[in-house]
Amino acid sequence: MNRQIRRLGIGMLVLYAALFVQLNVIQVLRAETYNDHPENTRAVIRDFSRPRGQILAADGTVLARSVPIDSPFKLQREYPEGELFAHVTGYFSLNAGTDGVERTYNDALAGRTGERIEDIGELLLGEPRTGDVSLTIPTDVQRVARDALGGKRGSVVALDPRDGAVLALWSFPSYDPTVLSNVDIEAAQEARDRILADEANPLLARTYRETFFPGSTFKVVTAAAGLASGSVTTTSPVYPTSNAYVPPLTSQPIRNFGGGTCGGALPDILRVSCNTAFAQMGVDLGAETLVTKAEDFGFNDAPPIDLPAPAVSPIDDVASFQQNTPVLAMTAIGQNAVRSTPLQMALVAAGVANGGDVMVPHVMREVRDNEGRVVETWEPRSWKRAIRPDVAATLTDAMRGVVEEGTATRLAVPGVPTAGKTGTAQLGNGLSHAWIVGFAPADAPRVAVAVIVEAQPGASEQTGGQVAAPIAQAVLSAALAANPE
Amino acid sequence: MIPVVQRLRRNTELGLILLGAVVTAGLYTLASLGTTANLPVNIGPFLGVVLALLAGAHVATRRLAPASDGVLLPLAGLLNGLGYVWIARLDPDLAALQAVWTAVGITAYVVTLVLVPKARDLDRYRYTFMLVGIALLLLPLVPGIGKTVNGARIWLQLGPLSFQPGEFAKIVLAVFFASYLVEKRELLGMAGNRLGPVMLPELRHFGPVLLAWGASLLVMISERDLGSSLLFFALFVVMLWVATERLSYLLVGGLLFAGGALAAATAFDHVRQRVDIWLDPWAAATDQGFQLVQATFALAWGGIAGTGPGLGNPDRIPLVETDFIFAAIGEELGLLGSAAVLVTFLLLVGTGLRIAIAAQAPFNKLLAAGLTAILGIQAFIIIGGVIRVVPLTGITLPFVSYGGSSLVANYVLLALLIRISADNAESELEAR
């Protein structure tokens with residue numbers, strides 16, 4: 001029997017060797033495949049239970065942090081400022097993924113970037129390394145933007161034109177990212193369903209993911225195209241004083257708001273936002289000049305902002321305007337074939353303010369590790385070279401005129417030279433978007449701003465100046481105070 | 001001579017038990033740190049109880065079987081401790097029960113050593129054991145006391161107590177098989193026919209094989225207990241082969257089993273389902289295959305070194321405290337830990353077979369081989385089921401899984417092996 005018992009031993013050895021081989025297959029050879037399997041929630045749980053850095057406003061206010069809870073996830077992400085920064089920080093959700101800074105700076109927050117680990121002791125014993133992301137937005141400027149806009153659908157974007165730092169990025173309605181980030185998946189899903197059911201779509205970051213007709217604010221681009229081409233100066237041409245302009249190939253005239261009469265050279269027509277004159281300017285310049293200039297400012301190209309999925313502000317391509325001067329005329333005054341995000345219009349204002357150089361917009365100022373060492377700082381860089389400095393200077397003077405004695409008088413920051421341009425984009429149903437763009441101080445700009453208040457009753461050129469300008473003025477003042485030289 | 005050997009063996013045993021207790025207490029501490037980030041408040045008393053239980057078994061062995069093998073008890077203690085740590089980490093309520101069952105198991109170990117002063121004493125009650133074994137196997141089918149849990153009718157409910165008689169049946173039947181086969185081995189081993197190089201016994205001697213096969217099929221069909229059915233049949237065929245030294249029994253047994261399994265897979269949905277999810281659990285990753293898929297995820301996540309005790313997510317696996325505890329250990333200790341469990345079982349099997357080879361009396365030899373085969377095959381069936389080497393058949397991982405019947409039965413089995421090894425040492429002395 002001993003021989004059989006020895007063979008039994010060998011047989012057992014073979015069986016257990018088979019187990020060992022299969023263990024190697026599962027735990028080593030194919031481990032990565034299994035770890036990445038869509039049914040496998042372990043990677044998600046790991047990301048949600050690992051320490052994660054904070055997101056901080058420019059003034060140090062905590063915008064996002066992880067607090068310990070009693071659950072398999074160990075940590076719960078919360079956003080103490082609620083909806084105020086929702087479209088900036090985004091959320092960190094098990095069922096809906098991530099958005100905003102939580103997504104773009106995920107690696108930094110989770111501590112997967114930055115310096116190498118310095119010694120083996122740190123690897124074995126050290127706290128997990130996480131990164132805190134500090135933003136460029138001061139809390140009080142963001143709050144002023146929210147309060148000034150109030151309960152009206154719309155957006156406020158403020159930038160530092162010199163380096164592209166975002167100083168305010170607010171749109172109404174907003175949402176509370178904490179409820180979306182609940183690790184209790186059912187509660188999070190319920191909250192998400194509730195938010196999604198709201199027809200106002202609070203999840204939409206209207207500031208950089210939604211486009212609108214820019215209306216007369218786009219005349220800044222048309223004027224820039226004219227000045228840059230050399231065919232338009234501050235003195236010529238002098239556009240005829242008229243209440244209607246009939247573009248070639250149509251009998252349908254373009255009229256001024258309220259049937260008014262206007263005309264003159266560039267500073268005059270910008271000051272009163274003269275539709276007939278700018279429509280004619282656009283047709284005279286031609287589609288190629290206008291579209292190219294718009295693209296020089298960033299249209300037809302997604303801004304490289306450090307937030308996920310920014311929308312492209314589209315303008316139709318040159319070919320589509322061939323034999324279609326009526327549309328070209330409408331586009332020159334910001335209607336019909338051009339749409340813009342509020343961010344893009346702020347970038348137009350910032351480009352003019354910065355001598356024609358459009359800087360890359362950004363919300364991150366710096367990343368520090370959990371011991372306070374700076375591991376990453378934003379390096380300002382140019383995005384678009386829109387116009388020459390002399391063109392920018394001329395345009396700035398014209399835009400100062402708009403604030404001093406034109407449609408944008410309510411934008412004026414007391415004691416500070418301010419430049420601006422209003423806009424009223426008609427929606428054709430008696431409603432219009434009230435716009436304004438501007439910057440200050442006009443002689444050494446530190447803040448550029450764009451405001452849109454959507455679907456306001458009335459369709460007069462005064463709408464932008466009345467509704468949007470006071471909001472922009474409040475934000476400009478707050479941002480100037482918070483963003484000294 | 002003998003006192004020296006005895007002292008050496010017992011001191012080795014004590015040293016290994018202390019080592020196992022240190023490993024257990026260390027893992028317990030790490031698991032507590034992993035799950036709650038706190039040192040376990042009861043680590044002192046915990047270590048005390050672990051040591052007291054194992055020391056109790058050790059002292060009993062010293063007195064009742066002083067010359068027995070010194071490795072078996074520490075190996076079982078290590079597996080028991082390892083299992084306890086993961087049960088405690090997964091479900092503290094079950095851990096309290098498991099602690100009680102460990103105490104009962106060690107008491108059963110001591111009682112067995114007392115009741116069985118010589119292994120050959122068991123030989124006398126051959127047919128009693130047979131009847132008891134069959135009764136234990138069939139009791140769950142009796143209306144009123146039988147209970148179905150998770151689809152398998154293998155439980156007995158007597159008032160507040162419930163247990164799985166099958167866990168004890170396997171030991172009782174091993175004793176009966178050993179006794180019966182030792183007497184009939186000459187007869188069963190006689191060559192009748194020849195088929196090529198294989199000597200075939202006479203056809204009528206295959207009667208017992210067919211009987212065991214029928215019984216195991218009955219268990220499988222009526223109690224839906226695939227694991228136990230496989231274990232019983234494998235046990236019987238292996239013992240028959242060892243006793244008769246006829247390979248043909250192993251071959252015929254294997255063929256019968258394959259045929260039975262094939263027929264069962266065709267005839268019964270629940271068997272076919274097991275085969276389907278064995279071949280491809282991913283096709284049913286969210287329903288029937290869920291458990292296997294989650295176990296695979298757990299093991300893969302553990303990788304080579306594991307997540308660390310208390311730091312994985314094995315609680316996603318259904319029945320993780322019992323049938324799937326191996327996956328939990330594999331996730332948190334990695335390939336290193338899962339391989340260590342394999343090695344521990346191999347050491348148990350090796351030690352058991354060594355005892356079988358050293359045994360003089362054929363009954364002792366065959367019983368030791370049978371009991372060892374139970375441990376080795378049972379661990380293989382469930383580990384192989386969890387990692388998809390064989391189709392999954394629910395059965396406990398000896399000493400590791402949560403479960404009172406299993407733990408107590410395996411401590412009884414261990415005591416019998418200890419008893420046989422003590423007998424070996426004594427007969428060696430007599431031979432000198």
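User: Which helices of chain B do the buried residues of α4(B) pack against?
Analyst: In this predicted model, the buried residues of α4(B) pack against three helices of chain B, namely α2 (43-64), α3 (72-90) and α14 (404-431).

User: And which residues of α4(B) are the buried ones?
Analyst: They are B:L94, B:A95, B:Q98, B:T102, B:G105, B:I106, B:A108, B:Y109, B:T112 and B:L113.

User: What caps the N-terminal end of α4(B)?
Analyst: That role falls to B:D91, which places a side-chain oxygen 3.1 Å from the backbone nitrogen of B:D93.

User: How does the span of helix α4 of chain B look against what its residues should give?
Analyst: The two agree, because the 24 residues of the helix (residues 92-115), at 1.5 Å a residue, should span 34 Å, and the end C-alpha atoms are 34 Å apart.

User: Switching to chain A, how many helices and strands does it have?
Analyst: Chain A has 19 helices and 19 strands, and its C-alpha trace spans about 120 × 50 × 40 Å along the principal axes.

User: What share of chain A is buried?
Analyst: Of the 485 residues in chain A, 55% are buried, while the chain exposes about 18600 Å², with carbon and sulfur atoms supplying 51% of that area.

User: What about contacts between residues at least 24 apart in chain A?
Analyst: If one takes the contacts in chain A between residues at least 6 apart in sequence, 69% of them join residues at least 24 apart.

User: Last one: how far apart are the mean positions of the positive and negative charges of chain A?
Analyst: Chain A carries 40 positive and 53 negative charges, and their mean positions are 5 Å apart.

Notes. Residues numbered from 1 in each chain as written. Chains lettered and ligands numbered in written order. Predicted model: local features only at pLDDT ≥ 70, side-chain atom pairs only at ≥ 80, totals over all residues. Heavy atoms only, no water. Helix = DSSP H or I, 4+ residues; strand = E, 2+ residues; numbered from the N terminus. Buried < 20%, exposed > 50% of the residue type's maximum accessible area, 1.4 Å probe, protein only. Contact = heavy atoms within 4.5 Å. Areas by Shrake-Rupley, 256 points an atom, 1.4 Å probe, with all protein chains shown as cover. Lys, Arg positive; Asp, Glu negative; His and termini not counted. Charge placed at Lys NZ, Arg CZ, Asp CG, Glu CD. Expected span 1.5 Å × (residues − 1). Polar contact = N/O pair within 3.5 Å; in protein donor to acceptor, adjacent residues only side chain to side chain.
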